[in-house]
Amino acid sequence: MATDLNRCEFIGRLGSDPELRYTADGVAICNFSIAVNTEFKKRNGEEIKNTEWVRISAFDKLAGICGDWLKKGSLVYVAGKFVTRKWVNKDGVEQYTSEIVLNDLQMLGNKNQDAPSTAPAAAKPKSDAYRAIKEGIVVPLEDMIDDVPF
């Protein structure tokens with residue numbers, strides 16, 4: 001049984017538009033940073049505000065979603081594992097960076113505010129029953145029978 005846990009969760013806003021790129025093999029990679037704000041009062045009443053910047057890396061399908069739907073200022077919930085990478089820069093000096101490898105993303109906030117203007121249009125629901133459920137309207141069961149996909 002494993003006794004270690006490597007999971008980080010944050011809610012914050014993107015500091016810039018995500019950077020989406022592809023490897024030679026066609027694997028999507030998306031990098032972005034989010035600002036996570038904390039506020040508290042000291043015992044003397046002084047308010048302290050702090051912003052931590054968290055680097056996020058997403059891969060494959062999740063990277064494509066991030067690249068297509070997120071933009072600077074988007075409010076997001078992210079969860080993933082904490083990793084530290086090592087590489088050698090152009091001058092031959094070893095460099096390190098720590099980041100969160102994304103495995104869960106929730107877009108928060110206002111749809112109109114956070115949706116990019118170039119994002120693909122959302123598919124419209126095809127069934128009246130689906131629309132009724134989404135809008136909170138009660139629909140008799142016999143009216144939904146034709147909308148069952150199997």
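This is a short tour of the fold, the nonpolar core, helix 1 and one buried glycine in a predicted model.

**Overall layout**

The chain has 150 residues, and 26% of them count as buried. Its secondary structure adds up to 4 helices and 6 strands, and going along the sequence you read β-β-β-β-α-β-β-α-α-α. Long-range contacts do a lot of the counting here: among contacts with a separation of 6 or more, 58% join residues 24 or more positions apart. On the outside, the accessible surface is about 11400 Å², with 52% of that belonging to carbon and sulfur atoms.

**The core**

Nonpolar side chains in soluble globular proteins tend to be buried together. In this model the largest nonpolar core has 18 residues, and Phe-32, Ile-34, Cys-66 and Leu-102 are the ones with the most contacts inside it. These are the elements that each give two or more residues to that core:

| Element | Residue range |
|---|---|
| Strand 1 | residues 8–14 |
| Strand 3 | residues 28–41 |
| Strand 4 | residues 47–59 |
| Helix 1 | residues 60–69 |
| Strand 5 | residues 75–88 |
| Strand 6 | residues 94–108 |

Strand 3 provides the largest share of this core, 5 residues.

**Helix 1 and Cys-66**

Which residues of helix 1 are buried? They are Ala-63, Gly-64 and Cys-66. These residues sit on the same side of helix 1, because they cover an arc of only 160 degrees around the axis. As for partners, the buried residues of helix 1 pack against strand 2 (19–22), strand 3, strand 4 and strand 6.

Cys-66 is worth a look of its own. Leaving aside residues up to four places away in sequence, Cys-66 touches Pro-18, Cys-30, Phe-32, Ala-58, Leu-102 and Leu-105. Two of these, Phe-32 and Leu-102, also appear with Cys-66 in the list of residues with the most contacts inside the core.

**Gly-80**

Now over to strand 5, where you'll find Gly-80. Is Gly-80 buried or exposed? Its relative accessible area is 1%, and buried means under 20%, so Gly-80 counts as buried.

What does Gly-80 touch, not counting residues up to four places away in sequence? One group of contacts is Asn-6, Arg-7 and Cys-8, and the other is Ile-100, Val-101, Leu-102 and Asn-103. Leu-102 thus turns up again: Gly-80 touches it, and so does Cys-66. Ala-58, another contact of Cys-66, lies 22 residues from Gly-80 in sequence and 9.4 Å from it in space, C-alpha to C-alpha.

How values were computed:
Residues numbered from 1 in each chain as written. Predicted model: local features only at pLDDT ≥ 70, side-chain atom pairs only at ≥ 80, totals over all residues. Heavy atoms only, no water. Core = buried A, V, L, I, M, F, W, Y, C linked by side-chain atoms within 4.5 Å. Buried < 20%, exposed > 50% of the residue type's maximum accessible area, 1.4 Å probe, protein only. Helix = DSSP H or I, 4+ residues; strand = E, 2+ residues; numbered from the N terminus. Contact = heavy atoms within 4.5 Å. Arc of directions from axis to C-beta. Areas by Shrake-Rupley, 256 points an atom, 1.4 Å probe, with all protein chains shown as cover.
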